[in-house]
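Grab a pencil and work through these exercises with the structure open beside you. Try each task yourself before you read the solution.

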Amino acid sequence: MSLFLGSDRLLASDRLDGRRVGVVCNPASVDAGLRHIADRLLTHPSATLSAIFGPQHGFRSDVQDNMIETKHAHDAVRRVPVYSLYSETREPTPEMLRDLDVLVIDLQDVGVRIYTYI
């Protein structure tokens with residue numbers, strides 16, 4: 001039986017062609033080869049990674065204390081803004097979405113009530 005992740009299907013399609021893409025993700029947002037979705041979008045031949053959005057605990061999951069808000073940042077490697085969705089806002093603002101054509105959400109859930117990463 002073959003297994004294809006939604007991110008693999010999306011990136012293999014033409015749905016992102018010519019689009020400026022934002023992605024809501026965390027460190028678990030990887031494909032079967034353990035490649036992160038942000039890196040795959042960065043190297044996509046016809047899409048532009050324009051922003052990264054991080055949920056509670058941050059895009060890098062480096063803020064582990066509960067109820068600690070994460071500041072917005074800039075990813076120096078990918079050269080895009082990193083917006084925290086656990087900051088003064090819990091959802092993207094119109095300004096954060098202004099330069100995007102599409103927002104991809106790649107977050108995993110473990111199906112338990114206390115799981116706060118999404």
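## Exercise 1: Around the central strand

In β2, V21 has L49 as its bridge partner. This is a predicted model, where local features need pLDDT of at least 70 and side-chain atom pairs count only at pLDDT 80 or more, while totals for chains, interfaces and linings use all residues. Residues are numbered from 1 along each chain as its sequence is written, and side-chain values use heavy atoms, leaving out hydrogens and water.

**Task.** Work out which strands β1 pairs with, and in which sense.

**Solution.**
- Step 1: Get the vocabulary straight. Strands (E, at least two residues) and helices (H or I, at least four) are DSSP runs numbered from the N terminus, and two strands pair if DSSP finds at least two bridges between them.
- Step 2: Look towards β2 (residues 48-54). β1 pairs with β2 in the parallel sense over five bridges.
- Step 3: Follow the chain from β1 through helix α2 (residues 37-42) to β2; this β-α-β crossover is right-handed. That means that, with the strands pointing away from you, the path from the first strand over the helix to the second runs clockwise.
- Step 4: Now look towards β5 (residues 102-106). β5 runs parallel to β1, and five bridges join them.
- Step 5: Check V21 again: its bridge partner in β5 is V102. V24 stands opposite I105 in β5.

**Task.** Put the strands of the sheet in order and find which ones are at the edges.

**Solution.**
- Step 1: The open sheet has five strands in the order β3-β4-β2-β1-β5, with mixed pairing.
- Step 2: β3 (73-75) and β5 are the edge strands, as each pairs on one side only.

## Exercise 2: Covered or not?

**Task.** Decide whether strand β1 is mostly covered or mostly open, then whether I105 is buried or exposed.

**Solution.**
- Step 1: Use these cut-offs: buried is under 20% relative accessible area, exposed is over 50%, and partly exposed is in between (1.4 Å probe, protein chains only).
- Step 2: In β1 (residues 20-25), five of the six residues are buried, so the strand is mostly covered.
- Step 3: I105 lies in strand β5. I105 counts as exposed because its relative accessibility is 60%.
- Step 4: Try F4, which lies in the segment before α1 (6-12). F4 has a relative accessible area of 52%, so F4 is exposed too.

## Exercise 3: Charged partners

**Task.** Find where salt bridges link distant parts of the chain.

**Solution.**
- Step 1: Here's the rule: a salt bridge is a side-chain nitrogen of Lys or Arg within 4 Å of a carboxyl oxygen of Asp or Glu. The whole structure has seven.
- Step 2: Take D8 and R40, whose side chains meet at 2.7 Å, N to O. D8 sits in helix α1 and R40 in helix α2, 32 residues apart. D8 and R40 also belong to a salt-bridge network with D31 and R35.
- Step 3: Next come R20 and D101, at 3.0 Å, N to O. R20 is in strand β1 and D101 in the loop between α3 (94-97) and β5, 81 residues apart. R20 counts as partly exposed because its relative accessible area is 33%, and D101 is partly exposed at 38%.
- Step 4: Finish with R78 and D39, whose closest N and O atoms are 2.8 Å apart. R78 is in the loop between β3 and β4 (80-84) and D39 in helix α2, 39 residues apart. R78 has 14% relative accessibility, so R78 counts as buried, whereas D39 is partly exposed at 33%.
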